Amino acid sequence: MVVRKLLVANRGEIARRVFATCRALGVATVAVHSDADADAPYVAEADEAVRLPGNTPVETYLRIELILDAARRTGADAVHPGYGFLAEHAGFAAAVVDAGLTWVGPPAGAIAAMGDKLAAKELLADAGVPMLPSWTDGDEVTDFPVLVKASAGGGGRGMRIVRDPADLPTAVDSARREAAAAFGDGTVFVERYVERGRHVEVQIFGDTHGTVVALGERDCSIQRRHQKIVEEAPAVLPDGVRERLHAAAVAAGRAVDYVGAGTVEFLLAPTGEFFFLEMNTRLQVEHPVTEAVTGLDLVRLQLLVAEGGVLPVPATPPADGHAIEVRLCAEDPTQGFRPATGTLHRFTVPGVGGEFTPTRGLRLDSGVGTGSTVGVHYDSMLAKLVAWAPTRGEAARMLAGALARAELHGVATNRDLLVRVLRSAEFGAAQVDTGFLDAHPEVFAPLLPADGLPVAALAAALAGAAARRAAAPVLAGLPSGWRNVPAVPQVVRYATTAGDEIEVRYRLDRSGGLADWSTDPTVAGPTTADAPGVPPVVELVAAAPDRVLLDVAGVRRALRVHRAGSVVFVDGPDGAAELTELPRFPLPRAALAVGSLLAPLPGTVTRVHVAAGQRVAAGDLLLTLEAMKLEHPVLAPTDGVVADLPVPAGGQVETGAVLAVVNPEEAPR
C-alpha cells in the first residue's frame, strides 16, 4: 500500500521531522494537538490539524480513540507514532492496523515483547544476547550498587541508582510512582549497576522480507538523571567490539521478527564486555547522528518498509565522518537544572545548514521558535543541534561554537553545560562514561565568568540609554546618557538570574565617550588582573539599542543586546547574561512568612508527606511536586515545625506559590 496521507500521533520536533520527509516525498500530513500546542510550529506546518481537547498527555496524546478519530475525519491512511507517548504502545499499534490504517512502526507483537523489559531480557538471553544480573524482589538483592528501572517505558523515568542497601526500599517506591505517572505501569526491577560504564546503542532496521541490518552505533554515555544529553556516531570503540555489538543487536531484532526502525541499547564495561539494557521499538531522539554519518533518511526508510518495500541497505554501511548531537533543554542551571518555563523571546542558532533531514555541517531539529511558549505539560527538550564534520574533533568544535553564539532568550536552558562538555579535554579524548557529569563538576559553571557580568550590565545600560535617545521626541542630538551636571552619574540596577543585584554607574562626556564607570562594590565588581576590585579601562566605541561595541582593556568586544519588557539579554564572546532592570522606586510588597518554601516551577503537588504541627529535621521530605514528567522533592531547609501546608495533594501551583511553611527551631541558649 502506498501512503498518501500520514497522521503523526505526536508533537514538537519529532512531528516536524516526519513532516519534512513527507513533504519531500509528496505525502500529505495531519497533525494532532492539545490546546497548549495550538500555535506550535509543527501544527502550522501540517497540511491539516485536529484539536485534542485538553492539555495533559492523558487528556490528549495518550487517547487512542481520539487519534483514530482524527485519522478518520481527515482521511489519513497511515499513522506514525513519533517517539514518546504511544510510540511503544502495542495496543495502539494493533488498534491502528485494526482500523484499516498503515502502521509506520514495528509489529504490535515486537513492541509487546520488548515493552516488558523483564520478559525481553529472558527472551533475548535465549537468543545469546549478553545480560546483566537482575532481580524483581528487592529483598533478594545482595550485589550493590544497583539500578532500579521501570519495566515499561524509558527516557530515564523511574530510574534510581542505589549504593546503600538501606536506601533501596525508598528508591523502589519513588521509581514506581514516577513510572506509573509516566507510563501507566509502576512495575520496576533491580539490575546490577556497572561503574564507569558506557551507554552504546545500535540502530537496527528490518523489513517484511526477513532482512534485519545494523546501521551503525551511537555513544550516548553523557547523561543527567539517566537522560541522554550528548550523543555521537560512530562510537569510539576498542578493536573487535563494534562487530560483536552489531551482531548482538541483529540477533535481538531477529528474535522478535523486527520490522522498521529500532534501537538495541547496551552497557559497555571498561573491560570491553557489554550487556543488553533494553530495546526501543521506535525511532530514537538521537537518530540524526546516524543519518549524518550514513546519509540515510530513516523516516523515508520507515515509510518504505511500512509500504512493504525491500530495505535498500543489505549490510551495515561504513560511517562517513563523525556526528555529534546535543539536546537543548528548558532547564534552569541556578535551580539544579529543574525544568524551566516561559516565552522564548528569541531563538536563533547561527550557521545552521539544514533542518530535520540529513545535513552535512550543522542541522537543527527544533520544536520551538521565537515566540513559542514553553509550558509544564510536556518534556523539557526544546531542540536538537547536530554537527557533522570529517573528524570528531572538528564536529565538537563546530557544535560548541554554534551553541555558544546562539541567542536563547526568555527561557533558561542547559546550553552552557553542553558547551563546556564539548570543550572539555576529557570529551575531546573520548574519555566518557555514564558518570561523566558527576566526575566533572567544573562543566556546570556558567560560560560567562563572574568578572564578565559587570561589563555585560554596562552594555545593557548603554543600550538602554541609546534606545531611549533614539525614541526621544526632542533634543535627540544630545549624546545618549550625557548630563549637564557631570558629577552625577547615570545609575541602573539589575537583578541577575542567580538572585543577586548589580548596580551600574556611568558618566558620558560631551562627545559621547565613556568618562568613567563602576558597579556596586558589594556585588560582583569588575576587576583587572593587576588590580582586583578595580574596574578595567573601558572605552565606548559605539552604542545602539541592539549592539554595544566596547574596548575592554585594549580588546574590542561586540555585545548584542535584546530587550523584552524589563528583561535585557546580553550576548557576547564570553557568554550570555540575562538581567532584569529594577524600578528606581519599587512598590512595597507583602512579606512572606519566615520559613516559606516556594514552588520553583509550575506543577502539581502529587503527595504530601507531613502534617501541620509536625516536627521535622533538615532534609526531611515534606511533599513531592511533579512537573514536566519528573518528580521534584521539596525538603525541609532546617529543623523546625511545619506551620502550614496550603496546597493539598492534587493541587496545581504556579512558580512562586507557597508550598509549605516551616518555623525554624530556635537554638538552645
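Q: Where is Arg 196 found in this predicted model?
A: Helices and strands here are DSSP runs numbered from the N terminus, with at least two residues for a strand. Two such strands frame our residue: strand 9 covers 188–192 and strand 10 covers 198–206. Arg 196 is therefore placed by these runs in the loop between strand 9 and strand 10.

Q: Is Arg 196 buried or exposed?
A: A residue counts as exposed when its relative accessible area is over 50%. Arg 196 has a value of 57%, so the label is exposed.

Q: Which residues is Arg 196 in contact with, leaving aside its neighbours within four places in sequence?
A: Let's begin with a residue 142 places away along the chain: the C-alpha atoms of Gly 54 and Arg 196 are separated by 43 Å. Contact calls for heavy atoms within 4.5 Å. With sequence neighbours within four places left out, the partners of Arg 196 are Pro 270 and Asp 433.

Q: At roughly what angle do the axes of helix 1 and helix 10 cross?
A: Two packed helices are described by the angle between their axes and the distance between the axes. For helix 1 (residues 12–25) and helix 10 (residues 298–306), the axes come within 9 Å, and the crossing angle is roughly 65°. That makes the two helices roughly perpendicular, because 65 to 115 degrees counts as such. The angle asked for is roughly 65°.

Q: Which residue of helix 10 does Leu 6 touch?
A: Leu 6 is among the residues with the most contacts inside the largest nonpolar core, which has 54 residues. Its contacts include Val 18 and Cys 22, along with Leu 303. Helix 10 spans residues 298–306, and the partner there is Leu 303.

Technical notes. Residues are numbered from 1 along each chain as its sequence is written. This is a predicted model: local features need pLDDT of at least 70, side-chain atom pairs count only at pLDDT 80 or more; totals for chains, interfaces and linings use all residues. Side-chain values use heavy atoms; hydrogens and water are left out. Axes are lines fitted to C-alpha atoms, for helices over the stretch in contact, and angles run from 0 to 180 degrees between N-to-C directions. Helices (H or I, at least four residues) and strands (E, at least two) are DSSP runs, numbered from the N terminus. Angles under 35 degrees count as roughly parallel, over 145 as roughly antiparallel, 65 to 115 as roughly perpendicular and the rest as oblique. A nonpolar core is a set of buried Ala, Val, Leu, Ile, Met, Phe, Trp, Tyr and Cys residues joined through side-chain atoms within 4.5 Å. Buried means under 20% relative accessible area, exposed over 50%, partly exposed in between (1.4 Å probe, protein chains only).
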